[in-house]
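Colleague: I'd like to learn how to read a model like this one, feature by feature. Could you walk me through it?

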Amino acid sequence: MSRSSNELKNILDGLSQGSFDSVASATLFALRDDCTFPDVYQITIALYGIIDSVHLQQVKRGLIPEPMQQALAFRGLASFMPFWLGRSIYTARMLSTLTSRWPIIREWLLFLGADYVFKDSIDRIMRILAKRAIVDFLGICRHDTLGDSLPIVLSSPGIVSLLFSLWDLETRDRHFSSCVEDDDIPGPPPIIRTPAILDSWMCTFSETETWNWHEIMRPFNNDGARIAAAALDHLEHDLAQQPIDYDLIIWDIHLLTSLSVNNTIRIPLLMQHSMQKTAGVITAMVSQRPHSIKQRHLVAKAISYACWYIRAYIEDTDGLPWISEVLEAGLLPSLLAVEPWVKHLKDNNDEDWEPLWLLLSSIFPKYAIFRSVLKVMGRSIKALNAVKAVDRPKPDGPMHKHWSTLEALVMSRLKLLETDDVDEAHVDSCQSSKCNKSGAAGTFKRCAGCLHVHYCSRECQIYDWKQGGHQTYCRGIQARRAKGIMSRISTRDLRFLDRVIASDLSCHNERISRTAAIHAPGPAVVEIDYTCIPFRIGVGCTESLPVPDTCKCDQLMQQKWDTMVELARNSKTPGQKLLIRAFIPCGSAPKVKLQLIPIKRIIPGYDPSQDHDPAEASDTFDHLYSCAGHSFTIVDHSYPVETLRLMTKEMDALTIEGKANITDPAQSA
């Protein structure tokens, strides 16, 4: 018998006798370059032999004081099995060995978790060892190693919940973090990180649209806010490490994105400032100076993933809160510093940087119609332009045209902020269909429920609630706001929006006037679409530009448009009227600004003092329509089956639970 054979025999004998040291010796033997598959297979069977049902019962009965040898066996298998699973001629045999023993392996993993990791009375060293054993072994159970056998693991009751529980534990007690290396813990440092496994599993769920939300949410008592907090805690903790593990950051962000498919997790993520924290990832990454090509690639990938997350959800709900959040977090200067990193992913996938280009040349520019957003962007761009040391996008570089689009539009709109708006006439209109009169902004009362519409009297409010369809609309808006998926546009932003519309109408007054003259004396129609860059403007009449469908709940907008058309046609005041329909960027919920004004107001040099009382004229009308339904986000479109299932469940919950919390403005006015 050869020396090697004798050594292996001694190791196997030691394993059968319960020796801890023999587990380490077996693992090191299997990791040798000259170790043959027959030898590895003997070691594999021997290690599986000490994590069988007999040993499990012995541990439970106290015949074995603590399962340290078994925990080390799991870690030993995790050390060498991936290599042999990856060799095609041995894959089937290694898989068969694992899957045939999976039922008892599952029992062991759940037992180690429940009776050791999560028991405070157990010695901390044993708890950490048990945790590492579970995570390291489950690290084998990924698609790149198990392939088509992975569903056996993922469908096993308790396994997905177990790993998410351990992931959560890492945030509650840093001793269990995979980033912490403790010399007192037997065996090697952690072999694999928990987020890497979870990210792999979530990718498998997304590819098949078989999301196991019951298992995912169970450790958090089905509380989306708790799982959101854990995900963000992991990201912040890993970002604070020195040196930064770039792989960890990539897994954290990708896991964030995967979890956010579920709206009950997505909204808490947004409310807990995931946008700000992801923007912080970009800021941290652009300041890195790694030496190796591989590390530079990982930094670029982390930046790209962060851009994808921001792009995916920056327009979620109403968009405006998250746009403001990332800008206040200093995202623009960070994005400007991304250009040197672009080349490190360019040859890999041209789509990697698409979210970055969209943020700079489409999303940020279109939100510049809001005063609150424009001020922050203007301040950032002016500060960048004032610093000579800041590297500008190269004229022949990939970022130049996108940054130039943003900069040009922002600097142009900033001029409107300098305009004195004392003489501007802002209008509120009574939304009761039997009234429809207008008055100077601030003279009417606003609905206390939706905070969107105004009424000139309590009588008009009650009539619209009972007869005008406002009850359905108002309850829909309140339900969305109660879930955190809708905010309101500030009065200052609305006033500035009026100024932007007036400025753009004035710039196109010749074209509008020519078209209006063709349709005189009937009203002319102007449709402005601010949801695209450059914005689009169409001019016509009520027949050539009918109100378009926006969503299934747009009946109210259709009614208001019909009201405006009737007011314009029946106006008693001289002069042609102009119907304005402006589509506003507002995330996943459509918003439309509807206005009726005399056409003379768009002519350059118009002086409001020429009107007797323009704010109260009978030929004006103003309404901001907002969708009261649930719209899809960019990520929802990627998983239509799962999204529809979750949205149906959510709407049922709103119908059952939400009514008790909804204000009836007709009763509370």
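**Reading the model, feature by feature**

Modeller: Happy to. Let's begin inside a helix: W108 and F111 are three residues apart in helix α6, so about one helical turn separates them. Do keep in mind that this is a predicted model.

Colleague: What does a spacing of three residues tell me in an α-helix?

Modeller: An α-helix has 3.6 residues a turn, so residues three or four places apart point the same way. Here, W108 and F111 form an edge-to-face aromatic pair, with 6.0 Å centre to centre and 80° between the planes. W108 counts as buried because its relative accessibility is 0%. F111 has 8% relative accessibility, so F111 is buried as well.

Colleague: How many aromatic pairs are there, and which one is stacked?

Modeller: The count comes to 13 aromatic pairs. One that is stacked is F37 with Y90, at 4.1 Å centre to centre and 10° between the planes. F37 sits in helix α3 (residues 37–49) and Y90 in helix α6, so this pair ties together parts that are 53 residues apart in sequence. F37 is at 6% relative accessibility and therefore counts as buried. Ring pairs also link F37, Y41, F83, W84 and Y90 into a cluster.

Colleague: Let's step back to the whole chain. How many helices and strands does the chain have?

Modeller: The secondary structure comes to 30 helices and nine strands. Of the 669 residues in the chain, 55% are buried. For contacts between residues at least 6 apart in sequence, 74% join residues at least 24 apart.

Colleague: And how should I think about a nonpolar core? Which residues have the most contacts inside the largest one?

Modeller: The general idea first: in soluble globular proteins, nonpolar side chains tend to be buried together. In this model the largest nonpolar core has 180 residues, and W201, L259 and F364 have the most contacts inside it. Helix α6 (residues 88–117) gives the most to this core, with 12 residues. Another core, of 27 residues, lies apart from the largest one; C460, Y473, I477 and Y625 are among its members.

Colleague: What does W201 touch?

Modeller: Leaving out residues up to four places away in sequence, W201 touches L138, C141, L150, V153, L154, I159, V160 and L163.

Colleague: Now helix α10, please. Does its length agree or disagree with the expected span, and how much of α10 is buried?

Modeller: At 1.5 Å a residue, the 14 residues of helix α10 (residues 159–172) should span 20 Å, and the end C-alpha atoms are 20 Å apart, which agrees. As for burial, 13 of the 14 residues of α10 are buried, so this helix is largely enclosed by the rest of the structure.

Colleague: On to strands. Which strands make up the open sheet, and in what order?

Modeller: Strands of a sheet pair through backbone hydrogen bonds, either parallel or antiparallel. The open sheet here has five strands in the order β6-β5-β7-β8-β9, with mixed pairing. β6 and β9 (621–626) stand at the edges with a single partner strand each, so one side of each is left without a neighbour in the sheet. On average, neighbouring strands of this sheet are turned by 15° against each other, direction ignored.

Colleague: How do I see the mixed pairing?

Modeller: Look at β5 (residues 524–529). With β6 (residues 536–540) it pairs in the antiparallel sense over five bridges, and a hairpin joins β5 to β6 through six residues. With β7 (residues 577–584), β5 runs parallel, joined by six bridges. V525 shows both pairings: its bridge partner in β6 is G540, and in β7 it is L579.

Colleague: Last topic: backbone oddities. Which peptide bonds are cis, and where is phi positive?

Modeller: Most residues other than glycine have a negative phi, and most peptide bonds are trans. A cis bond joins Q242 and P243, with omega about -5°; P243 lies in the loop between α13 (224–239) and α14 (246–259). The bond from A520 to P521 is also cis, with omega near 5°, and P521 is in the loop between α27 (509–519) and β5.

For phi, H273 is not a glycine yet has a positive value of about 70°. H273 is in the loop between α15 (263–271) and α16 (274–286), and its 38% relative accessibility makes it partly exposed. L451 likewise has a positive phi, of about 65°. Its place is the loop between β3 (445–446) and β4 (454–455), and at 27% relative accessibility L451 counts as partly exposed.

Key: Residues numbered from 1 in each chain as written. Heavy atoms only, no water. Core = buried A, V, L, I, M, F, W, Y, C linked by side-chain atoms within 4.5 Å. Buried < 20%, exposed > 50% of the residue type's maximum accessible area, 1.4 Å probe, protein only. Helix = DSSP H or I, 4+ residues; strand = E, 2+ residues; numbered from the N terminus. Contact = heavy atoms within 4.5 Å. Expected span 1.5 Å × (residues − 1). Pairing = 2+ DSSP bridges. Axes fitted to C-alpha atoms, helices over the stretch in contact; angles between N-to-C directions. Phe/Tyr/Trp six-rings, centres within 6.5 Å; stacked < 30°, edge-to-face > 60°.
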